[in-house]
Amino acid sequence: MSKIGYAYTTEDREYLTKELEGLGIYGCDQIAIETDSEGSATHPHKELDMIMEKIGENDSLIVYELLCLGKSVIQLADFVKELEDKGATLVIIHKEGKLAELDDETYIAFIKKMAEMEKMIIRERTSRGLEEARRHGRVGGRPKISEETVARIRFLYEHNKYTLRQIAEECDISLGTAYKYIQEK
């Protein structure tokens, strides 16, 4: 049963100090500190990923506040689910305002409910947007190509022994489209 602290560095060094003091007071067995130089734009949470690989049953991941995880509400709900699947818990030391009165379990349940609601809102907006586009005659997907172009693709491939890349350039289509029509024969 390990208490694993996680801190994320920001430009505000005072905030990092506050995080580390909070984690220290909580009595973490170990503290991982994420720095900008360790991650990259495509993989900014290298330390957190390493914690998630090792964390197990009855372990706790302790953060000063949720901001430290750098996740959207939906990502956060998925992250908590992953922790729960491993039998671990998330402990949040500092919560703002009236939320400070909530225990972690209630607070996390609230976050999960907010994430569910956000997913429903996104789904609804997407559906409405697609419906509106259809009403205005716009249809998603790849643009249609003429039968003449399809015939030309096949002719070039079969008779002139062009490569798919050459056919794509010659017919002004994507490589995937050229492949699609060669395969359909």
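These exercises work through a predicted model, each with a stepwise solution.

Residues are numbered from 1 along each chain as its sequence is written, and side-chain values use heavy atoms, with hydrogens and water left out. Local features need pLDDT of at least 70 and side-chain atom pairs count only at pLDDT 80 or more, while totals for chains, interfaces and linings use all residues.

**Exercise 1. Judge the confidence of the model.**

Step 1. Recall that pLDDT is the predictor's confidence in each residue, from 0 to 100.
Step 2. Take the overall values: the mean pLDDT of the protein is 89, and 95% of its residues reach 70 or more.
Step 3. Go through the elements, which are DSSP runs numbered from the N terminus: helices (H or I, at least four residues) and strands (E, at least two). Strand β3 (residues 60–63) has the highest mean pLDDT, 96. Helix α7 has the lowest, 87.
Step 4. Keep the rule in mind: where pLDDT is low, predicted coordinates should not be read in detail.

**Exercise 2. Describe the largest pocket and its lining.**

Step 1. Fix the terms. On a 1 Å grid over the protein atoms alone, a pocket is an open set of points with protein on both sides within 12 Å along at least five of seven lines; a cavity is a set where a 1.4 Å probe fits but cannot get out. Lining residues have an atom within 4 Å of a point. Points are joined across faces, edges and corners, and a volume is the space filled by probe spheres set on them.
Step 2. Read the volume: about 160 Å³ for the largest pocket.
Step 3. Assign the lining to elements. Those giving two or more residues are α3 (73–85), β4 (89–92) and α4 (104–135). Helix α4 gives the largest share, 5 residues.
Step 4. Name residues. The lining includes V80, L83, E84, L90, V91, D104, I108 and K112.
Step 5. Sort by class. Nonpolar means Ala, Val, Leu, Ile, Met, Phe, Trp, Tyr, Cys and Pro; charged means Asp, Glu, Lys and Arg; the others, Gly among them, are polar. The lining has 7 nonpolar, 1 polar and 4 charged residues.

**Exercise 3. Find the two sides of helix α6 and what follows the helix.**

Step 1. Set the cut-offs: buried is under 20% relative accessible area, exposed over 50%, partly exposed in between (1.4 Å probe, protein chains only).
Step 2. List the buried residues of α6 (residues 164–171): I167, A168 and C171. Seen down the axis of α6, they fall within an arc of 100°, so they line one face of the helix. The arc is that of the directions from the helix axis to the C-beta atoms.
Step 3. Turn to the other side, where R165 and E169 are exposed.
Step 4. Find the partners. The buried residues pack against α5 (147–159) and α7 (175–184).
Step 5. Move past the helix. D172 lies in the loop between α6 and α7 and is exposed at 73%. Its phi is near 60°, a positive value in a residue other than glycine.
Step 6. Recall the background: most residues other than glycine have a negative phi.

**Exercise 4. Place I182, N58 and E14.**

Step 1. I182 is found in helix α7 and is buried, at 5% relative accessible area. Leaving aside neighbours within four places in sequence, I182 is in contact (heavy atoms within 4.5 Å) with I153, R154, Y157 and L164.
Step 2. N58 sits in the loop between α2 (46–54) and β3. N58 is partly exposed, at 49%, with a positive phi of about 70°.
Step 3. E14 lies in helix α1 (residues 13–26) and is exposed, at 65%. The C-alpha atoms of E14 and E82 are separated by 31 Å.
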